[in-house]
Amino acid sequence: MIRRLWLIGCGNMAGAMLDRWLASAVLTPADVVVVNRRDRALPPGVAQVRALPPGPMPDAVMLGMKPQQLDDVTAAHAARLAGLGCLISILAGVEEAALAQRFAAGAIVRAMPNLPVAIGQGVVALHSDSATAPVRADVAQLMAPLGLVEWVAPAQFDLVTALAGSGPAFLYRYVDAMSRAGAALGLPGDQAARLALATVAGAVSLATAAREAPAALAERVASPGGSTRKGLDVLDADDALARLLTHTLAAAAARNAELAAAAR
């Protein structure tokens with residue numbers, strides 16, 4: 001079980017994870033140490049330092065900085081972490097082999113969370129070739145309060161990163177576009193924004209609870225010859241929406257591959 005955790009870097013994503021872990025009492029502030037290059041706002045009671053503390057190793061260390069800082073972090077902390085039992089990385093595009101070249105850890109686990117982990121409704125994709133079954137179980141248990149936890153194959157990790165990791169940003173863009181479209185057609189801008197956000201939130205909640213697939217729910221809303229059907233005809237023409245999202249995910253996945261190549 002992971003009870004003591006050191007975080008190297010604590011930006012938006014790692015900070016969201018930490019907030020949720022503390023709120024769900026999986027971790028306590030006294031059991032967390034954050035190593036930052038400069039001070040950031042952290043939950044009360046969480047220690048913030050510039051160098052890894054002396055003494056016994058924690059149960060796990062999580063890399064939560066930007067992928068571009070990997071070599072700097074390696075130079076500063078790899079020697080101290082030699083012999084660590086479990087290293088968790090949320091660095092987009094950085095493969096397990098690249099981490100193993102830099103850190104002598106018993107197990108390395110890649111994790112890709114998305115921002116809704118802050119409220120326990122996120123997605124966390126996990127992969128590890130080196131972790132034993134008990135370590136995998138411990139990491140999954142740590143991630144469980146954050147939302148849906150899925151183990152994925154290494155070849156699919158960049159795709160899952162594009163879909164789930166980047167997905168909230170794409171959905172926020174959609175909500176914003178829906179709001180702006182309503183305003184362009186004559187609704188007051190602030191009202192269009194409220195309606196768009198509430199519509200998406202309600203629809204997602206219903207889809208989550210429903211036994212039917214989202215495609216079937218769309219057909220339930222669309223009466224033959226009705227206004228919804230006319231709107232769907234635009235999205236469905238030449239498979240326009242699916243093709244757009246395929247290109248969107250492909251672009252994000254390609255960038256993850258670039259980051260992986262740079263870290264090798």
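A salt bridge here is a side-chain nitrogen of Lys or Arg within 4 Å of a carboxyl oxygen of Asp or Glu. D190 and R194 form one such pair, with an N to O distance of 3.7 Å. The pair therefore qualifies, because the cut-off is 4 Å. The model is predicted.

## Overall layout

The protein chain has 264 residues, and 38% of these count as buried. Its secondary structure comprises 10 helices and 8 strands. The C-alpha trace spans about 70 × 40 × 35 Å along its principal axes.

## Salt bridges

How many salt bridges does the rule give? The count comes to 7. Three of them are set out here, including the pair from the opening.

| Salt bridge | N to O distance | Source |
|---|---|---|
| D176 and R180 | 2.9 Å | side chains |
| D190 and R194 | 3.7 Å | side chains |
| E212 and R220 | 2.5 Å | side chains |

Take D176 and R180 to begin with. Both sit in helix 6, which covers residues 167-184. Why are they about one helical turn apart? They are 4 residues apart in that helix, so about one helical turn separates them. Their exposure can be read from the accessibility values. R180 counts as exposed because its relative accessibility is 51%, and the cut-off for exposed is over 50%. D176 counts as partly exposed, at 37% relative accessibility.

Now D190 and R194. These residues belong to helix 7, residues 189-209. Their spacing is 4 residues, so they too are separated by about one helical turn. Are D190 and R194 buried or exposed? D190 is exposed, and R194 is exposed as well.

Then E212 and R220. The closest N and O atoms of this pair are 2.5 Å apart. E212 has 34% relative accessibility, so E212 counts as partly exposed. R220 has a relative accessible area of 57%, so R220 is exposed.

Helix 7 also holds A192. A192 counts as buried because its relative accessibility is 4%, and buried means under 20%. The C-alpha atoms of A192 and T246 are 27 Å apart. Along the chain, A192 and T246 are separated by 54 residues.

## Charged surface patches

Which residues form the negative surface patch? D233, D236, D238 and D239 do. D233 lies in helix 9, residues 227-236. At 38% relative accessibility, D233 counts as partly exposed. Patch residues need over 30% relative accessible area, so D233 passes that cut-off.

A patch of positive charge on the surface gathers R37, R38, R40 and K66. Where is R40? R40 lies in the loop between strand 2 (32-35) and strand 3 (47-49). R40 has 39% relative accessibility, so R40 counts as partly exposed. With the patch cut-off at over 30%, R40 passes too.

## Strands

Strand 4 (residues 60-63) pairs with strand 5 in the parallel sense, over 3 bridges. Within strand 4, V61 stands opposite L87 in strand 5. Strand 5 spans residues 84-89. How many of its 6 residues are buried? The answer is 5, so strand 5 is mostly covered by the under 20% criterion. In a regular strand, side chains alternate between the two faces of the sheet.

L126 belongs to strand 7, residues 122-127. Is L126 buried or exposed? L126 counts as buried because its relative accessibility is 0%. The C-alpha atoms of L126 and C86 are separated by 13 Å. These two residues are 40 residues apart along the chain.

## The end of the chain

R264 lies in the segment after helix 10, which covers 240-263. At 57% relative accessibility, R264 counts as exposed. Where does E96 stand relative to R264? The two are 168 residues apart along the chain, and their C-alpha atoms are separated by 9.9 Å.

## In brief

The rule yields 7 salt bridges, among them D176 with R180 at 2.9 Å. Surface charge gathers in a negative patch that includes D233 and in a positive patch that includes R40. Among the strands, strand 4 and strand 5 pair in the parallel sense.

Technical notes: Residues are numbered from 1 along each chain as its sequence is written. This is a predicted model: local features need pLDDT of at least 70, side-chain atom pairs count only at pLDDT 80 or more; totals for chains, interfaces and linings use all residues. Side-chain values use heavy atoms; hydrogens and water are left out. Patches are made of residues with over 30% relative accessible area and no salt bridge: like charges are joined within 9 Å, nonpolar side chains (Val, Leu, Ile, Met, Phe, Trp, Tyr) within 5 Å. Accessible areas come from the Shrake-Rupley method with a 1.4 Å probe; for residues, only the protein chains shown count as cover. Lys and Arg count as positive and Asp and Glu as negative; His and the chain ends are not counted. The place of a charge is taken as NZ of Lys, CZ of Arg, CG of Asp or CD of Glu. Helices (H or I, at least four residues) and strands (E, at least two) are DSSP runs, numbered from the N terminus. Buried means under 20% relative accessible area, exposed over 50%, partly exposed in between (1.4 Å probe, protein chains only). Two strands pair if DSSP finds at least two bridges between them.
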